[in-house]
Amino acid sequence: MSLAVEAQDLFRVHSTPEGDAAALQGLTLSVAEGEILTVLGPSGAGKTSFLRILAGLDLPSAGTIRVFGENLRTINRPRYRSRVVGYLDQHYERALAPELTARELVGLRLRAEGREWATRAEELLRAVGLGEKLGSRPAQLSGGEQQRVALCAALAHRPRLLLADEPTGELDEASAGLVYDAIAELAEAENCTVVIVSHDPASTAIADRFVHIRDGRVSEETVAGEGSIVVGRGGWLRLPQEFLERAGIGTRAAASLEDGRIVVSAAGGDGVRPEPELAPLEPVPAGAPVAVLRGVVKTHGHGAAAARVFAGLDAEFPGARLTAVTGPSGSGKTTLLHLLAGLDLPDAGEVLVGDTAVNALDRTARAELRRHEVALVPQQSGLVPFLSARENVELGQEIRGLDGDPHEVLASVGLAERAGQRVSRLSAGEQVRVAVARALAARPALLLVDEPTARLDQANALRLAALLTTLARETGAAVVCATHDPVVLEQADAELALAAEPVAVG
């Protein structure tokens, strides 16, 4: 068996003025040529650090990493990235220039290198079911279609290794399934090795093998449906957290040999200290509507490219309530938030925040309304990575001309002890909470949150969803969350379902 990837005792230490943090702590892992491997793990486990090393974007602090026999420490890494690696990011919109068609986007890299591109682009797009979308621009495509275009673009130069970082994190279940199927089919057709990093268990459906990473090491491995715990050098084991909790094991454990088996139990009266269950919230009457949509019509594009997103949408968003806006990728969830924030305007109808008709305001007045009444947490949080959590909140306050204690708002999202940490050192879940804290510092009447759990494992997603519900109760704000995550929907007080994708009107 030829190996595509050989990682041995990888360490990756991030050094900052606040101290060092180890993302990888002795990770050892091999991937066979032609294999599809899924790497699972909670936020902060080291998945993205491993993928960045594989992509040649970072070097390990210690250990060795070889790809197709080449040591990534010594090779020409820019050439390696351009020839050997294809990279599929969960933020597919970053790779899709809005003015280009699907065919042009897929062929862009080949065209820049002076290579034949049109036939190759069409071939790939037809292979993923987009043969009728060759001339469509990103705004005319659903989220799942955009991600499949990004996949084709990542494979256009025929890389030997495809790296996929949470490739379906922002997609609904049906769209995610289409993307996974496309990855599997193209990987086989292109004879490509695939490493998928994800927290989504559905990503294992196409995998030949999947592993779990915890604390920067491989802890579990599953091949052909049979799972096993990985024994690291020196006898280290990472037991599943579920097993520890069920066995009542906290910070100390005892091990004994019984009939050739190792039995692990709680030691010295130590018991597991599980996180307290989410307590039921005290009933709070819903407030008056903070935002209202009346007969909203919205169309993207012009002429033959026009697509109608909303055709007379009515909705109300009461205070002290979390409303989940759901629907398939491309159904208009983000567009709805942008209309409420005054970042976009309807073609017809009315958008009210309080008693103010947002669509009747000019750009300056809409910005003033956002400053005092509305806060938006977008999918791309816009946090400054080299600033601390506290400094990011202070920056938001300074821009809005507000005062207030940043520690207080960070404490409200459970980050009081992490206030001094640089954002780049925080986990994905903590970064989302910093973005929420920055928005809360504005004391908005209307808090808009766009796909906040897209990059979070289920445990962190549940915590964040419960936090949004609690914040709505405690502040009286109307919290509107665009999501496809059932965990958020379970915590929400109401759901606004956007069932249809845009309809062509040109």
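Strand β20, residues 446–450, is largely enclosed by the rest of the structure, because five of its five residues are buried. Keep in mind as we go that this is a predicted model. Here "buried" stands for under 20% relative accessible area. If you look at the two faces of β20, you will find both covered: Leu446, Leu448 and Asp450 are buried on one side, and Leu447 and Val449 are buried on the other.

What lies alongside β20? Strand β19, residues 374–377, runs parallel to β20 and is joined to it by four bridges. To find this pairing on your screen, start from alanine 375, whose bridge partner in β20 is leucine 447. Strand β21, residues 478–482, also pairs with β20 in the parallel sense, this time over five bridges. A handy landmark for that pairing is aspartate 450, which stands opposite alanine 482 in β21.

Now step back to take in the sheet around these strands. It is an open sheet of five strands with parallel pairing, in the order β19-β20-β21-β16-β22. Its edges are β19 and β22 (494–497), each of which pairs on one side only. From one strand to the next, the twist averages 20°. Towards the β22 end, strand β16 (residues 321–326) and β22 run parallel and are joined by four bridges. There, threonine 326 stands opposite alanine 497 in β22. As a reminder, strands of a sheet pair through backbone hydrogen bonds, either parallel or antiparallel.

Helices lie across this sheet too. Helix α8, residues 333–341, crosses β16, β19, β20, β21 and β22, and runs at about 155° to β20. Helix α13, residues 458–475, lies across β16, β20 and β21, at about 135° to β16.

β20 also leads us to an enclosed space. The structure holds one cavity of 30 Å³ or more, and the volume of the largest cavity is about 100 Å³. It is lined by 13 residues, and those closest to its centre are Pro378, Gln379, Val432, Pro452 and Arg455. Both α12 and β20 supply at least two residues of this lining, with α12 giving the most, at four residues. By character, the lining of the largest cavity divides into seven nonpolar, three polar and three charged residues.

Follow α12 (428–440) and you reach another space, for this helix also supplies at least two residues to the lining of the second largest pocket. That pocket holds about 1400 Å³ of space. Of its 42 lining residues, Thr48, Ser424, Leu426, Ala428 and Gln431 are the closest to its centre. Besides α12, the elements that each supply at least two lining residues are β1 (3–16), β2 (19–32), α1 (47–54) and β6 (85–89). Which kinds of residue, nonpolar, polar or charged, make up the lining of the second largest pocket? They divide into twelve nonpolar, 18 polar and twelve charged.

Two of those pocket elements, α1 and β6, take us to another sheet. β6 belongs to an open sheet of seven strands with mixed pairing, in the order β6-β7-β8-β3-β9-β10-β11. The edge strands here are β6 and β11 (226–229), and each pairs on one side only. The twist in this sheet averages 20° from one strand to the next. Within it, strands β3 (residues 36–40) and β9 (residues 209–214) run parallel, joined by four bridges. Valine 39 has valine 211 in β9 as its bridge partner. Helix α1 packs on this sheet, where it touches β3, β6, β7 (161–165) and β8 (193–198), and its direction makes about 150° with that of β8.

Helix α5, residues 143–155, lies across β6 and β7 and runs at about 165° to β6. From α5 it is a short step to helix α3, residues 102–112, since α5 and α4 (118–127) are among the elements that cover the buried residues of α3. Those buried residues are Ala102, Leu105, Val106, Gly107 and Leu110. To make sense of such spacing, recall that an α-helix has 3.6 residues a turn, so residues three or four places apart point the same way. Just after α3, look for glycine 114, which takes a positive phi of about 75°.

Notes
Residues numbered from 1 in each chain as written. Predicted model: local features only at pLDDT ≥ 70, side-chain atom pairs only at ≥ 80, totals over all residues. Heavy atoms only, no water. 1 Å grid on protein atoms, 1.4 Å probe; cavity = no way out; pocket = protein on both sides within 12 Å on 5 of 7 lines; lining within 4 Å. Points joined across faces, edges and corners; volume = space filled by probe spheres on them. Nonpolar A, V, L, I, M, F, W, Y, C, P; charged D, E, K, R; others polar. Pairing = 2+ DSSP bridges. Axes fitted to C-alpha atoms, helices over the stretch in contact; angles between N-to-C directions. Contact = heavy atoms within 4.5 Å. Buried < 20%, exposed > 50% of the residue type's maximum accessible area, 1.4 Å probe, protein only.
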